[in-house]
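Here are some notes from going through the model, in no strict order. Have the structure open while you read.

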There are 2 protein chains.
Amino acid sequence: MAKLPLADWHPGLSVDCVIFGFHNGALKVLLLQMQGMDKWALPGGFVRKAEDVDEAAVRVLEERTGLKEIFLEQYRLFGQAGRSTTEHARVLHQNGWLDEEDLAWFQQRFVSAGYYALVEYSKVSAPRADYFSSACEWWPLERLPDLMLDHSSLLDAALAALRLHLNHKPVGLSLLPEQFTMPELQQLYEAILGKSLDRRNFQRRMLGYGILCRTGERRRGGAHKAPWLYEFEEEAYEQALQSGLGSTW
Amino acid sequence: MAKLPLADWHPGLSVDCVIFGFHNGALKVLLLQMQGMDKWALPGGFVRKAEDVDEAAVRVLEERTGLKEIFLEQYRLFGQAGRSTTEHARVLHQNGWLDEEDLAWFQQRFVSAGYYALVEYSKVSAPRADYFSSACEWWPLERLPDLMLDHSSLLDAALAALRLHLNHKPVGLSLLPEQFTMPELQQLYEAILGKSLDRRNFQRRMLGYGILCRTGERRRGGAHKAPWLYEFEEEAYEQALQSGLGSTW
DNA sequence: ATTTAATGTGTCAAAACTACACAATAAAGA
DNA sequence: TCTTTATTGTGTAGTTTTGACACATTAAAT
């Protein structure tokens with residue numbers, strides 16, 4: 001960014017991405033710390049005039065995580081008139097990160113398309129900060145730092161969307177490594193739903209969907225009985241998602 | 001519209017509304033016929049710079065239906081680079097509906113926030129066309145006319161969102177009149193889901209949710225046995241929706 | 001060898017769902 | 001007025017799914 005040919009960008013439009021990862025039994029999101037500020041922000045960016053909004057989101061994702069081919073879902077446009085303040089732009093300007101011309105750009109009224117992304121945590125070895133940020137880190141959902149603007153609501157809405165999509169999108173497939181154990185899958189579901197589930201009933205149900213395949217290997221190295229490793233059967237998974245896992249109607 | 005002080009409007013941003021109604025056992029949507037064209041369009045509008053995008057949608061709804069207080073849900077931003085062609089603007093311009101200045105406005109690249117609205121059909125006695133359209137009519141979902149731009153996909157996506165929300169939003173309450181019969185409620189569900197349901201099992205399940213109240217009256221005038229009239233118990237309904245009707249997790 | 005804590009598996013009762021059939025009735029037609 | 005017709009109200013039996021449990025197994029740590 002910085003010195004953007006303003007004519008190339010769609011005015012007053014941005015994308016923000018809630019990038020979910022799953023690690024050590026917890027859901028985490030990737031956040032940026034703004035230069036010279038305490039507050040953190042969702043990774044985001046602007047949209048070129050000739051670019052799909054989805055493409056802009058893919059671009060942002062690749063810039064932060066180094067990954068292409070990420071599961072990405074747009075869930076809502078955030079369009080409150082008062083949602084974007086100019087405070088952070090002023091700070092960036094004062095500290096020399098923004099020149100006059102770019103400052104004016106940042107002081108427009110913005111609407112932002114909210115995306116959530118599901119990534120395999122281990123594949124994001126070195127998340128990269130953008131030009132305006134000094135750090136890029138994973139934060140667990142339960143202990144988030146202060147977020148700028150309305151990014152808290154964007155994040156809450158992303159989680160709500162993720163819950164709503166749980167039976168219709170390849171959530172497990174996208175967040176877990178290729179091989180995983182049943183307890184790991186359960187922890188993922190518990191983290192997303194925010195409540196604990198019965199171990200035995202969970203397994204029965206999951207296996208009942210017919211989308212899992214036991215590899216025959218076990219995960220060694222844990223302090224206790226070694227759990228079986230599973231993989232998703234992708235065709236069956238996709239198939240089952242069409243009508244929704246365990247959907248009632 | 002026409003002669004809009006361009007400075008007041010958010011550039012390249014519009015809203016489009018899929019307004020659902022339920023009548024004679026069929027789901028219908030309210031469409032506008034563009035002046036001088038065969039194609040029809042979803043009711044839509046632009047967004048003032050000082051206005052929430054949601055407010056713009058409410059404004060559009062009121063202008064077409066005369067109703068405030070409509071159930072309204074934003075489900076997605078449509079942001080493909082090539083989604084808005086300038087063809088219809090040219091036609092409008094040629095026929096004298098658009099002057100040079102407004103034509104330029106219409107030739108921008110637009111992204112559009114998709115909303116769906118649920119209205120009680122009988123309350124929309126006289127839908128009103130807007131400045132650019134020659135008619136405003138209800139069309140049944142099964143037999144839609146040709147739609148301009150990407151409005152077909154907007155509509156399809158709205159229906160998909162409605163299905164996804166069926167157990168989480170007050171769909172029945174918003175689409176049906178205050179009093180309704182069990183067969184009517186079932187027809188509504190069948191229309192939304194696009195499949196038929198067993199009469200007896202449907203009733204058992206609905207009553208099981210504890211959100212319906214039998215008024216004690218029957219609907220007279222039908223050619224056959226008079227069905228009971230029901231109302232929703234709104235508090236119980238709202239309550240039940242929070243965790244989702246019949247949600248499995 | 002023993003301990004520890006997690007994993008794998010099974011069972012029983014309750015609830016929900018599926019697939020049905022038959023009685024009641026409001027209006028229309030004979 | 002009586003019969004016909006199509007729709008609504010209601011119930012039940014068999015099956016499946018769910019919820020709430022307990023006990024045996026095992027990999028590492030002591």
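The points below cover the chain interface, a helix pair in each chain, a small sheet and one arginine.

1. A reminder before anything else: this is a predicted model, so please read every value below as computed from it.

2. Let's start with the interface. Chain A and chain B each put 38 residues into the contact. About 2,900 Å² is buried between the two chains, and carbon and sulfur atoms give 56% of that area. As for salt bridges between chain B and chain A, the count is zero.

3. Next, the α6/α7 pair in chain A. Helix α6(A) covers residues 182-193 and helix α7(A) covers 199-209; their axes lie 10 Å apart, at an angle of about 100 degrees. Angles of 65 to 115 degrees count as roughly perpendicular, so that is the label for α6(A) and α7(A). On the α6(A) side you'll find M182(A), L185(A), Q186(A) and Y189(A), which meet R199(A), F202(A), Q203(A), M206(A) and L207(A) from α7(A). Sorted by class, this contact has six nonpolar, two polar and one charged residues.

4. Now chain B. Here helix α6(B) is residues 182-193 and helix α7(B) is residues 199-208, with axes that come within 10 Å and cross at roughly 100 degrees. α6(B) and α7(B) are therefore roughly perpendicular as well. From α6(B), the residues M182(B), L185(B), Q186(B) and Y189(B) meet a set in α7(B) made up of R199(B), F202(B), Q203(B), M206(B) and L207(B). The class split for this contact is six nonpolar, two polar and one charged.

5. Back in chain A, have a look at the open sheet of three strands. Its order is β8-β10-β9, and the pairing is antiparallel. The edges are β8(A), residues 180-181, and β9(A), residues 212-218, each of which pairs on one side only. Two bridges join β8(A) to β10(A), residues 228-232, in the antiparallel sense. To find the register by eye, use T181(A), which stands opposite L229(A) in β10(A).

6. Last, R59(B). Where does R59(B) sit? R59(B) belongs to helix α1(B), which runs over residues 53-65. Leaving out residues up to four places away in sequence, R59(B) touches W9(B), F46(B), V47(B), R48(B) and E51(B). For a sense of scale, R59(B) and I211(B) are 152 residues apart in sequence, and their C-alpha atoms are 31 Å apart in space.

Methods
Residues numbered from 1 in each chain as written. Chains lettered and ligands numbered in written order. Predicted model: local features only at pLDDT ≥ 70, side-chain atom pairs only at ≥ 80, totals over all residues. Heavy atoms only, no water. Pairing = 2+ DSSP bridges. Helix = DSSP H or I, 4+ residues; strand = E, 2+ residues; numbered from the N terminus. Axes fitted to C-alpha atoms, helices over the stretch in contact; angles between N-to-C directions. Parallel < 35°, antiparallel > 145°, perpendicular 65-115°, else oblique. Contact = heavy atoms within 4.5 Å. Nonpolar A, V, L, I, M, F, W, Y, C, P; charged D, E, K, R; others polar. Buried area = accessible area lost by both parts, 1.4 Å probe. Salt bridge = Lys/Arg side-chain N within 4 Å of Asp/Glu carboxyl O.
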